[in-house]
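Here is a short note for a colleague who is opening this structure for the first time. The points below are meant to be read with the sequence and the model side by side.

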Amino acid sequence: METITTTAAIEIIPIESGNELLEVRQSAIHGTGGYARVDIPAGTRIIEYVGERIDKVESAKRCEAENAYIFTLDNDCDLDGDVSWNPAKFINHSCAPNCEAEWDEGRIYINALRDLKPGEELTFNYGFDMEEYHEHVCQCRAPECVGFIVAAEFFDQIRSLVATSKTCI
Ligand SMILES: [Zn+2]
């Protein structure tokens, strides 16, 4: 006779619950944020960034609809993290982040870049390219903030663009 013993495994956990390392609450940067719940040593894998696997056509559609939670997985698939089972979507972008996204065999994890104290807001660089960067204003408040949400490799480009536009005004 078969018995069902997996009820606990399929129990739906509210997104606001975060996980054992990540707490979800109102952010100092923007909207809702992710915070360290406990001491987290550098290098810790804090949470997996989960979502819906979508093909590139669907991804382009959703990006045009202003979905900022889409990550590239590989040449065929992207990941839309704007789902109710992804507490990692609340982690804000920063120009001087304390976490980083790690791609590992088709999955994305958010890892601590340094030791974190309970109550610290977690941030990582969203890694956006320069496309329509001016629509993605950054409010991370880091002293080195470049003003827009872009990958670190574009910081110099952004700084020279900003400097140029200043001299034009
Ligand atoms: Zn910033």
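1. A good place to begin is Ile46, which, once its neighbours within four places in sequence are left aside, is in contact with Leu21, Leu22, Ile40, Cys99, Ile110, Asn111, Ala112 and Leu122. Please keep in mind while reading that this is a predicted model.

2. Ile46 also belongs to the largest nonpolar core, which has 18 residues, and together with Ile110 and Leu122 it touches the most other members. Strand E1 (22–26), strand E2 (32–36), E3 and E9 each supply at least two residues of this core, and the largest share, three residues, comes from E3. As general background, nonpolar side chains in soluble globular proteins tend to be buried together.

3. Which residues are found in the other core, the one that lies apart? That core has seven residues, and among them are Cys95, Cys138, Cys140 and Val146.

4. Turning to the strands, E3, E9 and E8 form an open sheet in that order, and the pairing is antiparallel. Strand E3 (45–49) and E8 stand at the edges, and because each has a single partner strand, one side of each is left without a neighbour in the sheet. From one strand to the next, the twist averages 30°.

5. Within this sheet, the pairing of E8 with E9 is antiparallel and runs over six bridges. One residue to look at here is Asp104, whose bridge partner in E9 is Arg107.

6. Between strand E8 (99–104) and strand E9 (107–112) there is a loop, and Glu105 is found in it. The backbone of Glu105 deserves a careful look, since this residue is not a glycine and yet has a positive phi of about 50°. Is Glu105 buried or exposed? Glu105 has 5 other C-beta atoms within 10 Å, and because a residue counts as exposed when that number is 12 or fewer, Glu105 is exposed.

7. A second glutamate calls for a similar check: Glu132, also a residue other than glycine, has a positive phi near 50°. Glu132 has its place in the loop between strand E10 (123–124) and helix H2 (155–168). With 10 other C-beta atoms within 10 Å, Glu132 is likewise exposed.

How values were computed
Residues are numbered from 1 along each chain as its sequence is written. This is a predicted model: local features need pLDDT of at least 70, side-chain atom pairs count only at pLDDT 80 or more; totals for chains, interfaces and linings use all residues. Helices (H or I, at least four residues) and strands (E, at least two) are DSSP runs, numbered from the N terminus. A residue is buried if 20 or more other C-beta atoms lie within 10 Å of its own, exposed if 12 or fewer, and partly exposed in between; C-beta atoms are placed from the backbone. Two strands pair if DSSP finds at least two bridges between them. Axes are lines fitted to C-alpha atoms, for helices over the stretch in contact, and angles run from 0 to 180 degrees between N-to-C directions. A nonpolar core is a set of buried Ala, Val, Leu, Ile, Met, Phe, Trp, Tyr and Cys residues joined through C-beta atoms within 7 Å. Two residues are in contact if their C-beta atoms, placed from the backbone, lie within 7 Å.
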